[in-house]
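How can one read the inside of a protein model step by step? The questions below take up that task with the structure in view.

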Amino acid sequence: MPSVSSKRRFRSHASPTPAAASPPSRKSPRHCIAATPNSVPPVARRIITDENQIESCETVAVKSKWNPKDGEQLRSVKEVLHLSTAPSTIVCRKEEQDVVLGFCKGSVEHEKAGSLYICGCPGTGKSLSMVKVKVNLLNWATEAGLPLPDVLSVNCTSLSNTSDIFAKILGLHKTLGKKASGTPLQQLQNMYSHKSCTKSMILIVADELDYLITKDRAVLHDLFMLTTFPFSRCILIGVANAIDLADRFLPRLTALNCKPTVVTFRAYTKDQILKILKERLNELPYTVFQHQALELCARKVAAASGDMRNALSICRSAIEMLEAEIRDSASNLNALEEKSSSEQNLPTALEVVNKQELDMVRIDHMALALSKTYRSPVVDTIQSLPHHQQIILCSTMKHFRGAKKDSILGELYKSYAAICKSSLIPPAGIMEFSNMCRVLNDQGLIKLGQSRDDKLRRVTPKVDEGDITFALQGIRFFRNCLQ
Ligand SMILES: Nc1ncnc2c1ncn2[C@@H]1O[C@H](COP(=O)(O)OP(=O)(O)O)[C@@H](O)[C@H]1O
Ligand SMILES: [Mg+2]
């Protein structure tokens with residue numbers, strides 16, 4: 001797992017890869033697209049029927065591929081995937097947002113103070129959702145002709161003193177004309193104990209609440225308790241990253257008769273991560289990633305943490321892998337041009353470069369980007385295998401692509417031999433091949449069935465295609481085999 005620092009520019013945590021370190025200089029991805037001279041007009045339309053269906057964000061028109069050598073396009077793509085770029089639509093969080101919005105609406109409508117406690121692992125869209133809820137609440141109150149609540153958004157990590165939060169809340173009560181005595185907390189407690197002329201409700205969104213509990217739990221209790229005073233005007237939404245925070249501080253609040261409603265943001269699943277990535281990329285008029293590359297990213301991130309920030313950073317990092325490849329091929333271009341003009345049988349340099357799909361972020365770029373962030377024991381095992389056993393695994397992966405669930409050893413041998421021949425490597429004989437398969441079986445990388453004739457033994461793959469790609473992508477020999 002990457003180490004994450006607790007402060008970042010806009011939201012809770014820093015990106016695990018260096019990709020997110022350089023903020024984009026432009027403001028709107030749509031603006032960038034329009035301004036790109038070589039870009040094609042948007043041809044993608046979206047059919048969003050049901051937010052929970054993955055298919056809903058698929059494009060219905062085929063987009064053209066992008067041109068990663070176009071600086072403007074490159075910037076637009078990176079910006080769409082940047083952590084600080086708010087997506088135009090937030091998918092996969094409708095239910096949670098509805099609960100929070102419903103709670104806020106009830107409080108505003110009935111002028112009733114109350115508290116909500118939101119928790120979930122980092123990168124699960126809590127902060128993003130709160131921004132949306134605030135906007136929706138204010139729109140709703142305006143349309144309903146209700147008095148608008150004053151809004152205070154605090155990131156608790158930005159408080160130099162935890163109790164500063166009370167001064168901020170106090171600051172919102174504009175009607176407080178006369179000088180009152182006591183600390184800001186005492187003043188608030190006093191104000192909320194008596195019927196006062198303070199009319200408007202205040203919505204407090206306290207993000208990164210974890211900071212308060214680690215620093216000063218009393219502040220946290222006092223904050224939530226403010227909503228229980230008879231004339232309190234506070235609608236408090238506390239947002240925390242630690243999921244066990246509730247266990248540590250809720251019992252005390254319950255004992256004090258102030259148990260906030262808890263809304264949990266669960267880690268994103270693979271399908272949700274894929275859907276969010278596609279939705280964000282749909283803002284672009286061109287296709288940047290191979291579908292399999294996005295899927296690999298979503299699967300790995302979901303299995304590790306479900307942290308959307310990691311998914312975004314890894315995608316940006318994968319783009320940098322493609323950039324590096326383009327740079328490499330450009331530097332080889334001149335050498336190739338010289339060679340091909342002197343030797344007539346060689347393909348032209350341009351033909352060679354064109355063959356290598358340099359206009360898409362492929363699965364091997366993604367695997368490389370992922371390897372910078374995550375490693376797994378299976379990947380380590382595959383990487384330490386002898387070369388021919390790696391080729392067998394690679395051929396297993398190719399052999400079982402599609403619907404095939406199992407095969408027999410004799411068939412797998414043919415795939416293996418074909419890879420060897422295409423790479424001009426002499427294949428092992430069937431006996432040796434069979435022995436190597438036995439070793440892979442013992443390592444749990446494939447499963448061999450029983451049969452008197454070795455060639456008829458059933459073979460079933462036991463490792464994920466992504467793990468194999470992931471492990472072998474760095475080895476030059478496998479570059480073409482993994483496609
Ligand atoms: N449902 C979503 N749709 C689009 N982007 C998302 C979604 N959820 C999270 N993100 C992106 O992931 C990053 C982290 O989200 P954030 O709301 O800050 O997480 P949290 O507050 O739970 O740590 C942000 O850059 C945000 O743009
Ligand atoms: Mg957050």
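The following questions and answers concern this predicted model, taking its nonpolar cores, one helix and the surroundings of a ligand in turn.

Q: Which helix gives the most residues to the largest nonpolar core?
A: The largest nonpolar core holds 61 residues, and Cys-297, Ala-311 and Met-366 touch the most other members. At least three residues come from each of domain 1 (18-89 + 281-363) and domain 3 (378-478). The helix that contributes the most, with 8 residues spanning part of 308-342, is α12.

Q: How many residues are in the other core, which lies apart?
A: Among the members of this other core are Met-191, Phe-224, Val-239 and Ala-240. Apart from the largest core, it is a set with a residue count of 41.

Q: Why do the buried residues of α5 line one face of the helix?
A: In helix α5 (residues 164-172), the buried residues are Ile-165, Phe-166 and Ile-169. They pack against β3 (150-155), α6 (184-193), β4 (202-207) and α8 (217-225). They line one face because, seen down the axis of α5, they fall within an arc of 100°.

Q: Between which domains does ligand 1 lie?
A: Ligand 1 is surrounded by 22 residues, and the closest are Gly-125, Lys-126, Ser-127, Leu-128 and Met-308. The elements that give two or more residues to this shell are α4 (126-144), α10 (270-281) and α12. Because two domains both give residues to the shell, ligand 1 lies between domain 1 (18-89 + 281-363) and domain 2 (94-265).

Note on methods:
Residues are numbered from 1 along each chain as its sequence is written. Chains are lettered from A and ligands numbered from 1 in the order in which they are written. This is a predicted model: local features need pLDDT of at least 70, side-chain atom pairs count only at pLDDT 80 or more; totals for chains, interfaces and linings use all residues. A nonpolar core is a set of buried Ala, Val, Leu, Ile, Met, Phe, Trp, Tyr and Cys residues joined through C-beta atoms within 7 Å. A residue is buried if 20 or more other C-beta atoms lie within 10 Å of its own, exposed if 12 or fewer, and partly exposed in between; C-beta atoms are placed from the backbone. Helices (H or I, at least four residues) and strands (E, at least two) are DSSP runs, numbered from the N terminus. Domain bounds come from an automatic or database domain assignment. The arc is that of the directions from the helix axis to the C-beta atoms. Two residues are in contact if their C-beta atoms, placed from the backbone, lie within 7 Å. A residue is near a molecule or strand if its C-beta atom, placed from the backbone, lies within 6 Å of it.
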